[in-house]
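Let's take a walk through this model, starting with its open spaces and ending with a pair of helices.

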Amino acid sequence: MLLTAHDHEFRMKHLESFIPSKIYDMHTHIWTEKGQDPSRLAPSSLRMEAGTDELRRWSNQLFGDRECHYLLLGTPLKNMNRRNHNLFLQNEVQKDELSIAGMIATADMSPEEMAENFDSGHFHAVKPYRVFADDPAHARITDFIPEKLLEVVDHYRMAVTLHLSFPSGAAAPENQADLKYLTSRYPGIKWILAHCARAFNANFLTDSIHVLKHLPNIYYDTSAVNDLYTHYLLLKYEDRKRIMFGSDNIAAGGVKGKYVTYADSWFYLPGQEHLEHCPTEAVPVVYEQLLQQKRAADMLEMNRYEIEDLFYRNAENLIAGLKKRLP
């Protein structure tokens, strides 16, 4: 992927003064075809050959050579070779001592394998995903990360980056019931709710934020959410120390376009080819996300220190705790 002059101009005009000099990106994905069986994998834009070096080069383009560190998440694809991919993650995270990695965890993973990965010292989080459930669209949390695995995460007192299932995300009664139970049952786990608790549409957060804000050990990453009111709700009602910047780079956050909401849905809009009244070139999804974060911060009159918290200090504090948590 390459940025254009228009992308650069957009960042300089709208985002440059907002983004701090340091970033801890808490939602990134890396991938390699090595160790995978292509015949078992469906075609996917997520199958982009990218490791830590490629991610850093892309971050330098996007953010203007700012200091960047990462939560490197595995790329969860159905029928992937989990073991080989986690070995790839283990090798890649060693390229930056300030970054951490989240292993892929599938429903059929054994507790012994997960424990072995934690014992390596190279993983501080796990990345389950709804595609590993029998019904990805209506999966309870323990359908794709069973309690036998959560017991291991709790024992090691690590983090789970969680992408909620069900059409309404955090607004679904099933998800709220599960999160109430799991945060109480496993107090050693730090839960990072991806995509502002998967609130690509603010309707999913309007009421659920008043449930989530009372749950212990809940955090959020802001990745790929292009809805202004979602960011506003999160910043207004949550403890801002629990909110962390994420980009969903490279494959998802770097694509040109925007996630557009309507009614109780959202969809990806790549831009328009023919418009007479304004320029047609789209910018990366992460720029659209950052613009909405900037506007929400402005509406709430956040100061510079609070903005820096969102971009790196909150993540650094969480990670420092995780690195002390090995039993």
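Strand E1 (22-30), helix H8 (194-198) and strand E10 (265-269) each give at least two residues to the lining of the largest pocket. Helices (H or I, at least four residues) and strands (E, at least two) are DSSP runs, numbered from the N terminus. This is a predicted model, with local features needing pLDDT of at least 70, side-chain atom pairs pLDDT 80 or more, and totals for chains, interfaces and linings using all residues. Residues are numbered from 1 along each chain as its sequence is written, and side-chain values use heavy atoms, without hydrogens and water.

Back to that pocket: 31 residues line it, and Leu46, Tyr129, His163, Asp248 and Tyr259 lie nearest its centre. On a 1 Å grid over the protein atoms alone, a pocket is an open set of points with protein on both sides within 12 Å along at least five of seven lines, a cavity is a set where a 1.4 Å probe fits but cannot get out, and lining residues have an atom within 4 Å of a point.

What about closed spaces? The whole structure has 1 cavity of 30 Å³ or more, where volume is the space filled by probe spheres set on grid points joined across faces, edges and corners. Its lining includes His29, Ile30, Trp31, Leu46 and Asp248.

Now for the helices. In H10, Leu228, His231, Tyr232 and Leu235 meet a set of H11 residues, among them Gln289, Arg295 and Met299; contact here means heavy atoms within 4.5 Å.
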